[in-house]
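Biologist: Hi! Could you walk me through this one and explain the words as you go?

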Amino acid sequence: MNMSKVAILVTIHDGDDGSAGCLEECQRQVDAVASEGKYIFSIFLNDAGEKGYQAVCEKASKEGADFFLWLDHDLVLNEGMLSCLLENSEFLRHKAVITGTVSRPDKSLLFGGRTRRGRLIEPDPTIPVPCHLFDLSIALVPVFALSHLESVSDLFRRGLLNYGYGMRLADAGVARMVAPGVLASTGRAPQIPSWMDPESSMKNKIISFFRSLVK
């Protein structure tokens with residue numbers, strides 16, 4: 001039986017290597033899923049934050065991965081996170097990007113699927129729901145989706161009016177879905193620049209955007 005290859009790409013943010021807990025739980029879930037004989041996994045560490053997205057993706061591509069699973073290093077993964085992503089991908093015939101929702105310790109949502117304007121989407125408790133954009137805190141991306149892009153770097157582009165990734169995939173007609181439920185939590189509270197904040201006014205977005213260009 002042919003097994004699909006999943007490259008798990010763990011990104012360390014802010015130069016802080018606090019990845020031990022996430023990696024330990026990730027490995028535990030990998031071992032459980034791998035024992036079923038349908039998937040094989042490789043884990044890659046990205047210690048360059050957002051600047052390292054493309055490099056680690058290209059490194060994993062050389063191993064012939066069928067899927068890329070993006071994870072932030074500081075996540076507390078919920079039980080069944082990996083199974084949930086893969087089962088929903090199977091349900092959708094592996095024809096969609098599946099993003100996972102991440103909450104703060106107080107249960108308020110922090111990352112996940114987003115609307116066209118960048119607002120977070122509340123996940124359904126039982127079924128996947130569509131989104132327009134998504135964050136890369138938890139995202140299962142099938143390799144076929146990348147074939148719709150001119151360059152893998154197109155996956156990582158964000159725009160002035162949007163906070164999140166996936167605009168180029170949306171333009172290419174690749175489905176983007178939010179997995180059921182909340183799949184992880186984190187105590188990290190990243191500061192979102194005004195130009196990426198969907199709650200910010202248009203004036204503040206434009207000012208913030210041009211200030212970012214001169215930093």
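Modeller: Sure. Of the 215 residues in the protein, 50% are buried, where buried means under 20% relative accessible area with a 1.4 Å probe, protein chains only. Keep in mind that this is a predicted model, where local features need pLDDT of at least 70, side-chain atom pairs count only at pLDDT 80 or more, and totals for chains, interfaces and linings use all residues. Residues are numbered from 1 along each chain as its sequence is written, and side-chain values use heavy atoms, leaving out hydrogens and water.

Biologist: Why is P123 called buried?

Modeller: Its relative accessibility is 11%, and the cut-off is under 20%, so P123 counts as buried.

Biologist: What is P123 in contact with, leaving aside neighbours within four places in sequence?

Modeller: Contact means heavy atoms within 4.5 Å, and the partners of P123 include T101, L109 and V178.

Biologist: How do you know that the protein is as compact as a globular protein of that length?

Modeller: The globule rule is 2.2 Å times the number of residues to the power 0.38, and the radius of gyration is taken over C-alpha atoms. The rule gives 17 Å for 215 residues and the protein has 17 Å, so it is as compact as a globular protein of that length.

Biologist: What makes a nonpolar core?

Modeller: Buried Ala, Val, Leu, Ile, Met, Phe, Trp, Tyr and Cys residues, joined through side-chain atoms within 4.5 Å. The largest one here has 31 residues, and L85 is one of those with the most contacts inside it. A second, separate core has 24 residues, among them C57 and L146.
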